[in-house]
Amino acid sequence: MTDPKDSRQIGESSVVAEGRLHDPRRRLAWIAVLVVVGVHLAFALLSGNLGASTGAGNAAALGGTLSSLVLVFVFQRALGLEVGEFGLRRPASWPRVIALGVLVALVSGTLAQGLMAYVISPLISAAPPDVTRFDAVRGNLSRLLMTVPTVWLTSAFPEEVIWRGFLMTRIAKLVGGSSSAWALALVLTSLHFGLIHFYQGVSGMAVTGIVGLLYGGAFLIFGRNLWVPIVAHAATHLISFTAMYMGFV
């Protein structure tokens with residue numbers, strides 16, 4: 001008769017199999033992380049070179065996000081992972097998820113802007129984030145109504161799957177799966193999330209990195225369910241673009 005403790009240990013060993021040095025899945029998981037990061041960074045640099053506010057620059061940025069998303073699901077299949085491991089699980093209550101997501105958006109936006117205004121800007125004398133690529137939204141209701149759902153589909157959902165769902169979970173498990181491993185993964189993915197928004201300038205990278213840190217924190221706090229940061233990301237876009245439309249920013 002099998003000891004239940006032994007069964008748990010076997011199950012736990014299979015979950016953290018990526019952490020074994022001799023396991024080919026570990027090597028493939030590291031390759032997956034590096035490829036996804038590298039592809040997205042390459043497209044971000046291309047977008048910057050083409051001009052972030054140009055049509056070609058926007059197309060390159062979108063291409064980077066969608067290419068990375070496709071790679072995530074390719075590697076997911078290759079690694080034998082379920083999408084639930086990314087946090088794409090049906091929540092117990094959608095109203096609760098939506099309420100939490102909106103709350104995270106409001107808190108993260110307020111905190112990031114406060115830190116930018118009272119801590120970061122005085123220290124580095126940086127200009128406000130450069131959001132000129134979205135200037136067409138200003139005072140243009142039809143463009144606002146077209147832009148918001150578009151960025152939900154091309155930014156809020158895929159970026160959370162890429163950074164919090166895939167990169168953060170893979171890095172954390174690759175370095176041991178402990179609390180400190182998750183903290184390291186949170187910091188690394190937030191730094192990268194900020195860096196790829198370099199087209200917004202130093203302050204834009206700082207704000208985005210802080211927001212990414214808070215989205216990742218919400219992912220961990222609320223049971224690693226990805227729908228909370230996805231809703232938060234979408235709510236942030238709605239608030240930001242509405243503020244631009246009304247001329248507040």
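## The buried side of α3

In helix α3, the buried residues (under 20% relative accessible area, with a 1.4 Å probe and protein chains only) are G57, A60, G63, G64, T65, S68, L69, V72, F75 and Q76. Helices here are DSSP runs of H or I with at least four residues, numbered from the N terminus. What covers those buried residues includes α2 (24-50) and α5, judged by contact (heavy atoms within 4.5 Å).

A quick note on the source: this is a predicted model, where local features need pLDDT of at least 70, side-chain atom pairs count only at pLDDT 80 or more, and totals for chains, interfaces and linings use all residues. Residues are numbered from 1 along each chain as its sequence is written, and side-chain values use heavy atoms, with hydrogens and water left out.

## Along α3 and just past it

L62 sits in α3, which covers residues 55-78. At 34% relative accessibility, L62 counts as partly exposed, meaning between the buried limit of 20% and the exposed limit of 50%. From L62 to E160 is 98 residues in sequence, yet 14 Å in space, C-alpha to C-alpha.

After α3 comes G80, with a positive phi near 70 degrees.

## Where α5 meets α7

E160 turns up again here: α5 contributes E160, R164, M168 and T169 to the contact, while α7 brings G212, Y215, G216, F219 and L220.

Note on methods
Helices (H or I, at least four residues) and strands (E, at least two) are DSSP runs, numbered from the N terminus.
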